[in-house]
Amino acid sequence: MAVEKITMPQLGESVTEGTISRWIVSVGDKVNKYDPLAEVMTDKVNAEIPSSFTGTIKELVAEDGDTLAVGEIICYIETEGGGDAEATADAPKEESTPAAAASAKAEAPTTPAAQEDADAPNKRRYSPAVLRLAQENNVDLEQVKGSGAGGRITRKDIQAVIDSGNIPTADSKPAATQAPTSEAPKAAPAAPSAPAAASAPKAAQPVNVPVEAGDIEIPVTGVRKAIAANMLRSKHEAPHAWTMIEVDATNLVEYRNSLKSEFKKKEGYNLTFFAFFVKAVAQALKEFPQINSMWAGDKIVQKKDINISIAVATDDALYVPVIRNADEKTIKGIAREITELANKVRAGKLTSAEMQGGTFTVNNTGSFGSVQSQGIINYPQAAILQVESIVKRPVVMDHGMIAVRDMVNLCMSLDHRVLDGLVCGRFLARVKEIIEKMSKENTSIY
């Protein structure tokens, strides 16, 4: 028999951790290769982790709700085969006689700490979620008793300690009892004291909101937690700046309205305004490749491919599937992909691969009537464009004439580490120019 480990896979570009939403298997279950083991959620996608082996579930290292780093062990599977046995068959065996055992015991007297390690071998195997929660609340993990497998400390154990109000800190740790020795220990040189300011700042504590009669408490789902974490990271790390431009889409509206009925009959899906805007953005990104960039710490990565992420919302979550090489696609092709990706999101069939590789995000906020909004950048991209609702407004034309025109606002949030206002202003001006020139005479949808 051999024991194999299953680790947290990388389920997307820039994904560094995943949260176990739900275990599909239990300890003792028999699984075949490729059978699903658990549902995992990241800030980009929800997916199932398949088994890499056929065997029996030996141990679940993580619990529902635990967040683990990519590559960290989530469970062990006992498989048929002699891999481990063969590897150790030729190794010299240790003596197992009573005399040898007594000698070993005499040489290594059992201490309380050693006994605790023997009783709880997994006590010091902390998941990233446990470490984060403990650090945020100044909890000394050495003083927490774990309820998980092998004494492993779970996030529920830490939360229970926090809720109790009796938080064990390093300062409150009782002095260790020293075993008598034949020589007095030498005094260690005093370490220089660290300044108080060196301690890490505490994270904000959860708000205690009173719940009264008639109030409805809605549990925060794993998907919502992932969205919150990604948005928080984007706002904390990327210095957001914002700009807006007003576009006259009258010719575009007339052109699209003249085509939509025939197009729907011929192709079977809608020709939306959004497809025209995505095409205009993709064309402008080719001319201003600086916008199609990402911040990478010590460098800026300017992406060659133009892969447009589009925001698709469900009742309780937001997904960002990707239209790859959008600059090479026709308006019809973009319209088809928008429809297909949106249908997959709402049917729960979107794959992780379809959410990877985005280089710039276009969000159709106008679909629910918004006329001005400030989007949060889809990290680690450098910018996001909000396409607002097309509305009729009186506009002063040439020679002082006033006319009713179809106007739309394009709102852009940018990462000021990567982009400056000048290049973004020129980029938006080019998008405006492309859209305002879209018409039956100048634009083909095929």
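These questions and answers walk through a predicted model.

Biologist: How many salt bridges does the structure hold?

Modeller: Side chains of opposite charge can pair when their charged atoms come close. Here a side-chain nitrogen of Lys or Arg must lie within 4 Å of a carboxyl oxygen of Asp or Glu. Counted in that way, the salt bridges number 15.

Biologist: How far apart are N and O in the salt bridge of Arg336 and Glu340?

Modeller: Both residues belong to helix H9, which covers residues 331–347. They sit four residues apart, so about one helical turn separates them. Their side chains meet in a salt bridge, and the N to O distance is 3.9 Å.

Biologist: Are Arg336 and Glu340 buried, partly exposed or exposed?

Modeller: Partly exposed covers the range between under 20% and over 50% relative accessible area. Arg336 has 33% relative accessibility. Glu340 has a relative accessible area of 41%. Arg336 is therefore partly exposed, and Glu340 is likewise partly exposed.

Biologist: Which residues share a salt-bridge network with Glu433?

Modeller: Glu433 bonds to Arg430, with the closest N and O atoms 3.0 Å apart. Lys437 also forms a salt bridge with Glu433, at 3.3 Å between the closest N and O atoms. Through shared partners, one network joins Glu433 with Glu287, Arg430 and Lys437.

Biologist: Which helix holds both Glu433 and Arg430?

Modeller: The two residues are three apart, about one turn of the helix. Glu433 is partly exposed there, at 34% relative accessibility. The helix spans residues 421–436 and is H10.

Biologist: What is the C-alpha distance from Glu433 to Ala280?

Modeller: In sequence, 153 residues separate Glu433 and Ala280. In space, their C-alpha atoms lie apart by 9.1 Å.

Biologist: Why do the buried residues of H5 line one face of the helix?

Modeller: Helix H5 covers residues 155–164, and its buried residues include Asp157, Ile158, Val161 and Ile162. Viewed down the axis of H5, the buried residues fall within one arc, so they line one face of the helix. On the other side, Lys156 and Asp163 are exposed. The arc is 135 degrees.

Biologist: Which residue follows H5, and what is its phi?

Modeller: The phi of this residue is positive. The residue is Gly165, with phi near 85 degrees.

Biologist: What kind of aromatic pair do Tyr255 and Phe276 form?

Modeller: The count of aromatic pairs comes to three. In the pair of Tyr255 and Phe276, the ring centres are 6.2 Å apart and the planes meet at 75 degrees. Planes over 60 degrees apart count as edge-to-face. The pair is therefore edge-to-face.

Biologist: Which helices does the pair of Tyr255 and Phe276 tie together?

Modeller: Both Tyr255 and Phe276 are buried. They are 21 residues apart in sequence. Tyr255 lies within residues 250–267 and Phe276 within residues 273–287, so the pair ties together helices H7 and H8.

Biologist: What is the angle between the ring planes of Phe263 and Tyr269?

Modeller: Phe263 and Tyr269 are both buried. Their ring centres are 5.4 Å apart, and the pair is edge-to-face. The planes stand at 80 degrees.

Biologist: Which ring lies under the charged end of Arg256?

Modeller: The charged end is 4.4 Å from the ring centre. The ring it sits over is that of Phe273.

Biologist: Which strands are the edges of the sheet S5-S4-S2-S7?

Modeller: Four strands form this open sheet, with antiparallel pairing. Neighbouring strands are turned by 40 degrees against each other on average, direction ignored. An edge strand pairs on one side only, and that holds for S5 (46–50) and S7 (67–69).

Biologist: What is the bridge partner of Met41 in S5?

Modeller: Strand S4, residues 36–41, pairs with S5 in the antiparallel sense. Five bridges connect them. The partner of Met41 is Asn46.

Biologist: Which strands stand at the edges of the sheet S1-S8-S6-S3?

Modeller: This open sheet has four strands and antiparallel pairing. Each edge strand has a single partner, so one side of each is left without a neighbour in the sheet. The edges are S1 (2–7) and S3 (30–31).

Biologist: Which residue of S6 stands opposite Val31?

Modeller: S3 pairs with S6, residues 55–60, in the antiparallel sense over two bridges. Opposite Val31 stands Gly55.

Note on methods
Residues numbered from 1 in each chain as written. Predicted model: local features only at pLDDT ≥ 70, side-chain atom pairs only at ≥ 80, totals over all residues. Heavy atoms only, no water. Buried < 20%, exposed > 50% of the residue type's maximum accessible area, 1.4 Å probe, protein only. Arc of directions from axis to C-beta. Phe/Tyr/Trp six-rings, centres within 6.5 Å; stacked < 30°, edge-to-face > 60°. Lys NZ or Arg CZ within 6 Å of the ring centre and 35° of its normal. Pairing = 2+ DSSP bridges. Axes fitted to C-alpha atoms, helices over the stretch in contact; angles between N-to-C directions.
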